[in-house]
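Okay, thanks for making room for me today. I'll put the structure up and walk you through the bits I'd like you to look at.

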Amino acid sequence: MAIETVHDVEFGAELAPFAPDTSLESTGAFADAVGWGGGGRFKDHAAARAEGLPGALVPGIMAMGFLSSMIHRWSGSAHIETIDTVFRAPLLADEACTLSAVVTDIDTDTGLVEIDLSVKNAAQENRVFGTARVRLPTG
């Protein structure tokens, strides 16, 4: 079902899971695009390990972009007002992850919808979680 207005949203509805591209090539290109490409933290596993990290990372703002993309796949008419996230553990490049979300509150008068967000790695460990406040048309 296409979500066009707040009246299309059901409490407890799950957004379609999303498996983003976390390849080293992708994280490196993103790091270059935002001006963070100088070191190996996002582009090279060995260089990241030399910095004391478990491997090359997916940049946090890239993960937030993935979450935004998942919301817009759910509803093209959604306006994301805020995304508040907690990064519990590193999200590693070249490691599969799955994004999921569930609707936790709906205000049909204002069009405001709250969505709980989660990013889990292949071992189903919760790496990132948070909440989005999304506004949808009311009519």
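Start with Asp94, please: buried, exposed or partly exposed? Asp94 comes out at 47% relative accessibility, and because exposed has to be over 50% and buried under 20%, Asp94 counts as partly exposed. Keep in mind that this is a predicted model. To find Asp94, go to the loop between strand S2, which is 79-87, and strand S3, which is 97-107. What I'd flag there is the backbone: phi of Asp94 is positive, about 70°, and this residue is not a glycine. Most residues other than glycine have a negative phi. Gln124 is another case, not a glycine either, with a positive phi of about 65°. Gln124 also sits in a loop, this one between strand S4 (112-121) and strand S5 (126-135).

Let me zoom out for a second. The protein chain has 3 helices and 5 strands, and reading along the sequence you get β-α-α-α-β-β-β-β. The C-alpha trace spans about 55 × 30 × 20 Å along its principal axes. There are 139 residues in the protein chain, and 39% of them count as buried. If you take contacts between residues at least 6 apart in sequence, 61% of those join residues at least 24 apart. As for the outside, the chain exposes about 7,000 Å², with carbon and sulfur atoms supplying 51% of that.

Now helix H1, residues 24-33, and in particular Ser26. Why does Ser26 count as buried? Its relative accessible area is 19%, and the cut-off for buried is under 20%, so Ser26 makes it into that class. Who does Ser26 touch, once you set aside its neighbours within four places in sequence? Asp21 and Met62. With Asp21 there's a polar side to it: a polar atom of the Ser26 side chain is 3.4 Å from the backbone oxygen of Asp21.

Ser26 has company in H1, where Thr27, Gly28 and Ala31 are buried as well. Part of what covers those buried residues is H3. And just after H1 comes Gly35, with a positive phi near 85°.

That brings us over to H3. How many aromatic pairs does a search of the whole structure turn up? It finds 2. In the pair I want to show you, the ring centres of Phe18 and Phe66 are 6.5 Å apart and the planes are at 75°, so we call this pair edge-to-face. Phe18 belongs to strand S1 (residues 14-18) and Phe66 to helix H3 (residues 60-74), so the pair ties together parts that are 48 residues apart in sequence. Both of those Phe residues are buried.

Stay on H3 a moment longer, because Ile61 is in that helix too and, at a relative accessible area of 42%, is partly exposed. Which residues join Ile61 in a nonpolar patch on the surface? Val34 and Trp36. Together, the three residues of the patch have about 250 Å² of accessible area.

So, if you want a short tour on your own screen, go to Asp94 and Gln124 for the positive phi values, then Ser26 with Asp21 and Met62, then Phe18 with Phe66, and finish on the patch of Val34, Trp36 and Ile61. Okay, that's me done.

Note on methods
Residues numbered from 1 in each chain as written. Predicted model: local features only at pLDDT ≥ 70, side-chain atom pairs only at ≥ 80, totals over all residues. Heavy atoms only, no water. Helix = DSSP H or I, 4+ residues; strand = E, 2+ residues; numbered from the N terminus. Buried < 20%, exposed > 50% of the residue type's maximum accessible area, 1.4 Å probe, protein only. Polar contact = N/O pair within 3.5 Å; in protein donor to acceptor, adjacent residues only side chain to side chain. Contact = heavy atoms within 4.5 Å. Phe/Tyr/Trp six-rings, centres within 6.5 Å; stacked < 30°, edge-to-face > 60°. Patch = residues over 30% accessible without salt bridge, like charges linked within 9 Å, V, L, I, M, F, W, Y side chains within 5 Å. Areas by Shrake-Rupley, 256 points an atom, 1.4 Å probe, with all protein chains shown as cover. Salt bridge = Lys/Arg side-chain N within 4 Å of Asp/Glu carboxyl O.
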